[in-house]
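Me: I would like a close look at one part of this model and at what surrounds that part. Please give the cut-offs behind the terms as they come up.

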Amino acid sequence: MTIDEWLNTSTKVLKKKGIETARLDCLLILENVSRKDQNWILTHGEKLITDEAMEKFNAMLERRAKHEPLAYILGKKEFYGFNFFVNRDVLVPRPETEALVTALIKEAPQNARVLDLGTGSGNIAVSSKLQRQDLNIMASDISKEALAVATKNASAHKTQIKLVESNLFDQIDEAFDIVAANLPYVPRFKEVPAELNFEPDIALFADNDGLEMYEKFFAEVEDYLEDRGMILIEHDPRQFSWLLSFTRRRAQRISDFITALS
């Protein structure tokens, strides 16, 4: 089978499974296995695929046809212009989370102390450090497995970040200029796309209409903020009114300086 034949056939397979990015996904699989860029692939479609390569292509295709996120299949995901190692112990970094990094590197004072709470793959902490070498960043997560992924990414990008295993703030004993968090906020019984079934429940879902973890977060975060400290969070836009009202009930200082991103 030639490259073009595999690409066309495999694209049809994924389209039948309802995958909107079918052709791009197939191109990325070809690129990953062949270690050739897409331009080469598209201009050498007549090339025959070896049996060994075909086995690898089809194994990846089978996984994607089951709606497994392509990032897990390829073992990487681009975020803020950098490649991050990912596996099923961490969420796949989303483009919308880049807005949180942009706000962090823009708003952080010089030599600011930053806490990235619930770091997952470390994409927020590492990207922020790469953009702002002056920042002193601590990244925490409740999951040992997630911290192992974050450690791998920090090392790959040669960034100095302190990593701590912690359930919210229970192992945190200092105050920060910025506390950033992308905590689970999807309501536990909400119907979600098939791809999300492959991602870790602990990083996605929360009780109380998805607000449980942020309710706990705001009950404690004030004790870990410096004067005029800032909070940066990601949440569902439909949760904004509740989050804002909750912060006002908790403490005026928090509501004065919260920056909520969605």
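The reply below starts with the whole chain and then turns to the chosen part.

Reply: This is a predicted model, in which local features need pLDDT of at least 70 and side-chain atom pairs count only at pLDDT 80 or more, while totals for chains, interfaces and linings use all residues. Residues are numbered from 1 along each chain as its sequence is written, and side-chain values use heavy atoms, with hydrogens and water left out.

First, the setting. The chain has 13 helices and 10 strands; these are DSSP runs numbered from the N terminus, with helices being H or I of at least four residues and strands being E of at least two. The C-alpha trace spans about 65 × 40 × 30 Å along its principal axes. Of the 262 residues in the chain, 51% are buried. Buried stands for a relative accessible area under 20%, exposed for over 50%, and partly exposed for what lies in between, with a 1.4 Å probe and protein chains only. Take the contacts between residues at least 6 apart in sequence: 65% of them join residues at least 24 apart. A contact is a pair of heavy atoms within 4.5 Å.

The part to look at is helix α7, residues 123-131. Because 7 of its 9 residues are buried, α7 is largely enclosed by the rest of the structure. The buried residues of α7 are Asn123, Ile124, Ala125, Val126, Ser127, Ser128 and Lys129. Their cover includes the strands β1, β2, β3 (113-117) and β4 (136-141), together with the helices α6 and α8 (144-156).

Of these, α6 (residues 98-107) can be described further: its axis and that of α7 come within 10 Å and cross at roughly 40 degrees. Axes here are lines fitted to C-alpha atoms, for helices over the stretch in contact, and the angle between N-to-C directions runs from 0 to 180 degrees. The pair α6 and α7 is therefore oblique, the class left over once angles under 35 degrees are taken as roughly parallel, over 145 as roughly antiparallel and 65 to 115 as roughly perpendicular. The crossing of α6 past α7 is right-handed, meaning that the near helix is turned clockwise from the far one by less than a right angle, anticlockwise being left-handed. On the α6 side the contact is made by Leu100, Val101, Leu104 and Ile105, and on the α7 side by Ile124, Ser127, Ser128 and Gln131. By class, these residues are 5 nonpolar, 3 polar and no charged. Nonpolar covers Ala, Val, Leu, Ile, Met, Phe, Trp, Tyr, Cys and Pro, charged covers Asp, Glu, Lys and Arg, and the others, Gly among them, are polar. As a general point, an α-helix has 3.6 residues a turn, so residues three or four places apart point the same way.

Asparagine 123 belongs to α7. It counts as buried because its relative accessibility is 9%. Its side chain makes a polar contact of 3.1 Å with the side chain of serine 121. A polar contact is a pair of N or O atoms within 3.5 Å; within protein one atom must be able to donate a hydrogen and the other to accept it, and residues adjacent in sequence count only if both atoms are side-chain atoms. Setting aside neighbours within four places in sequence, asparagine 123 is in contact with Phe79, Phe84, Pro93 and Thr97.

Threonine 97 leads back towards α6, since its place is the loop between β2 (82-85) and α6. Threonine 97 has 2% relative accessibility and therefore counts as buried. Residues up to four places away in sequence aside, threonine 97 touches Phe79, Asn123, Ile124, Asn182 and Glu234. Two of these, Asn123 and Ile124, are among the buried residues of α7. With glutamate 234, threonine 97 also shares a side-chain to side-chain polar contact of 2.6 Å.

One more residue lies beside the strands that help cover α7. Tyrosine 80 is in the loop between β1 (76-79) and β2. Its phi is positive, about 55 degrees, although tyrosine 80 is not a glycine. Tyrosine 80 counts as buried because its relative accessibility is 19%.
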